[in-house]
Amino acid sequence: MKARTLRAWSWVHKWSSLVSTAFLLMLCVTGLPLVFTHEIEHVLMEKAWTPADPGGPGLNLDQVLGVALARKPGEVPAFMSFDEDRPVVNVTSVHPDGKEGVYSFQPIDQTSGDPAPPVAGHPVTEFLLQLHTDMFLGLPGMLFLGAMGVLLIAALASGVVLYAPFMRRLPFGTVRTRRQARTRWLDYHNMLGVVTLAWVLVVGATGVVNTLATPIIDYWKDTALKALTQAYDSPVAPGQHSSLQAAVDKARAALPGMQLQFVAFPGSAYSTDHHYAVFFRGDTPLTAHLTTPALIDARSGNLAAVAPLPWYVKALSLSQPLHFGDYGGLPLKILWALLDIAAIVILGSGLYLWLAKRKAGA
Amino acid sequence: MKRGRRFTLWQVFRAPVGIAMLSLFGLVAALVGDHVWDVIGAAALASTLGAVPWALATRRQ
C-alpha cells in the first residue's frame, strides 16, 4: 500500500473513532446489563402470583379494556399485549393531550380484571434502556446514536485495512508482552479487534437499523397503510369502536396457525386512525421475529386487509434480536456480554494508543 | 522470527476471515434454528472467542 493511501485510511480510523468513542463506550457499558434485562427483572420484580380465578370463564378483551380504561379516566387505548406464561393482558393507554412518549401500562389478570404485578419495566432497566436508545433526547438522540454507529462501521472498515500493514511480519494473534506498553496494547487492540470484527459489525449495523425504527414505521404507515384509509375522512372516535374481541377473533381466522402478539389501536403508532392492527407472529424460530398484521375496520368490524410487512420493516424486525442477543438462550447472552467487554477493551486501548502517540509525538 | 519475512495478504487475513465466517454462521444458526441450533450457534461464536486465550498462550512474544 502506498504511504499516502495508508495515511488516508489512518485518518479515517483516527477520526471516526475519536468522534464516536465516548458514545460507543456509553453504549457498551449500558448495553452490558441490558443483555440480561429479562434475568435482572426476574430477580428484581417477580413475586409469587396466581390468577384470581384460574378455572373461571375469564374476561373477554372488551371487558379487559373497559376495566383498564376505567382506572385511567380520560386516556385512550394505544396497545394491548399478551403475556405468554400467565393469563395476563397488558393494556397501554395514553392521554390524548399528554406529553409525547408518556404511557400508562397496566398488566391485568384476565381471569378477574384485577391488576396483576408487572414483570417488566423496572425503573433501573428502563433508565439504562432509555440512555442506550436515545440519551433521553427522543428521535434526535436516536438518530445521533445511529450516526455514531455509522462512524463505528467506518472505524471497523478502516481498521481492517490498517490491520494488513501492521500484521505483515507478525503471525496472527501475536502479542508482544515484553515490549513497551504501546506495542503491547497495539497488539491487544489488533487481536481483539479482528477476532470480534464480525460480531461488532453485526451488532453495530443492526443498532443503526434500530435507530431508524421511527422513520421506518412512519414510512410504512405513509405508503403501504395509506391506501387502506383513503375511504375515510375522519378518525374513529373511541366511543365508536367496534368490538375488540370480535376484531381479534376475525383477525385470528384470517391468519390461522400464527400466534397473537399484540393489538395496535386506531390512532396509535402501529396502526391507522381507522383500524385495529392485530399483529401475529410465526411459530418457527425465524418467523417468531417476523410479524404480520391483520387490519380490522374499527367502525364496521370487518377485515380490511392482511398486510404482510414490506422488506424494510422485516429488516427492522430481524435487527432487534441480532442486536439484543436474546434469541439463543443464556449461553448466547453470556457470549454477548463477553464480546461487549472485548469491545470496551478495544475502545479503551484505541483511546490509549491515540493518547500515547500524541504524547510521544509532542 | 526471521528478519525480512513478509506474509502475503492471504496469509494475514486467512485466520481473521475464518473467524468472521464462523461468527456469522453462529449468529445466523441460532437465529434461524432452535434448540440444537442454539447450541451449535453459541458454540461457533464461543470458539471464535477461544482465539483470544489461544493467542495469549501460544503467540506471546
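Analyst: Start with accessibility: a residue is buried under 20% relative accessible area, exposed over 50%, and partly exposed in between (1.4 Å probe, protein chains only). This is a predicted model, where local features need pLDDT of at least 70, side-chain atom pairs count only at pLDDT 80 or more, and totals for chains, interfaces and linings use all residues. Residues are numbered from 1 along each chain as its sequence is written, chains are lettered from A and ligands numbered from 1 in the order in which they are written, and side-chain values use heavy atoms, with hydrogens and water left out.

User: Apply that to Leu338(A). Is Leu338(A) buried, exposed or partly exposed?

Analyst: Leu338(A) is partly exposed, because its relative accessible area is 43%. The residue sits in helix 11 of chain A. Helices here are DSSP runs (H or I, at least four residues), strands are E runs of at least two, and both are numbered from the N terminus.

User: How many helices and strands does chain A have?

Analyst: Chain A has 11 helices and 7 strands. Its C-alpha atoms fill a box of roughly 75 × 50 × 40 Å along the principal axes. Of the 362 residues in chain A, 45% are buried.

User: Back to Leu338(A). Which residues make the nonpolar surface patch?

Analyst: Patch members have over 30% relative accessible area and no salt bridge; nonpolar side chains (Val, Leu, Ile, Met, Phe, Trp, Tyr) are joined within 5 Å, like charges within 9 Å. Areas come from the Shrake-Rupley method with a 1.4 Å probe, and for residues only the protein chains shown count as cover. Here Leu338(A) joins Trp185(A), Leu330(A), Ile334(A), Ile341(A), Val345(A) and Tyr352(A) in a nonpolar patch of about 560 Å². Helix 11 of chain A gives the largest share, 6 residues.

User: Which residues form the positive patch?

Analyst: Lys and Arg count as positive, Asp and Glu as negative; His and the chain ends are not counted. Each charge is placed at NZ of Lys, CZ of Arg, CG of Asp or CD of Glu. In this model the positive patch consists of Lys14(A), Arg182(A), Lys357(A) and Arg358(A). Lys14(A) belongs to helix 1 (residues 3-35) of chain A. With a relative accessible area of 37%, Lys14(A) is partly exposed.

User: Now salt bridges. How many are found over all chains?

Analyst: The test is a side-chain nitrogen of Lys or Arg within 4 Å of a carboxyl oxygen of Asp or Glu. The whole structure yields 4. One of them joins Lys333(A) to Glu39(A) at 3.0 Å, N to O. That pair links distant parts of the chain, 294 residues apart: Lys333(A) is in helix 11 (residues 329-361) and Glu39(A) in helix 2 (residues 37-45) of chain A.

User: Are Lys333(A) and Glu39(A) buried or exposed?

Analyst: Lys333(A) is buried at 8% relative accessibility. Glu39(A) is partly exposed at 28%.

User: What joins Asp187(A) to Arg176(A)?

Analyst: Asp187(A) and Arg176(A) form a salt bridge, with the closest N and O atoms 2.7 Å apart. Asp187(A) lies in helix 6 (residues 181-195) and Arg176(A) in the loop between helix 5 (138-167) and helix 6 of chain A, so the bridge ties together parts 11 residues apart in sequence. Asp187(A) is buried at 2%, and Arg176(A) is buried at 14%. Arg86(A) and Asp83(A) also meet in a salt bridge, at 2.6 Å, N to O. Arg86(A) is buried too, with a relative accessible area of 13%.

User: And uncharged pairs? Which side chain does Thr30(A) contact?

Analyst: A polar contact is a pair of N or O atoms within 3.5 Å; within protein, one must be able to donate a hydrogen and the other to accept it, and residues adjacent in sequence count only if both atoms are side-chain atoms. The Thr30(A) side chain makes such a contact with the side chain of His132(A), at 2.9 Å. Thr30(A) is in helix 1 of chain A and is buried, at 5% relative accessible area.

User: What about backbone angles? Where is Met135(A) found?

Analyst: Met135(A) is in the loop between helix 4 (123-134) and helix 5 of chain A. Its phi is near 55°, a positive value in a residue other than glycine. Met135(A) is buried at 19% relative accessibility. In chain B, His35(B) also has a positive phi, near 50°. His35(B) lies in the loop between helix 1 (9-32) and helix 2 (36-49) of chain B, and it is exposed, at 66%.
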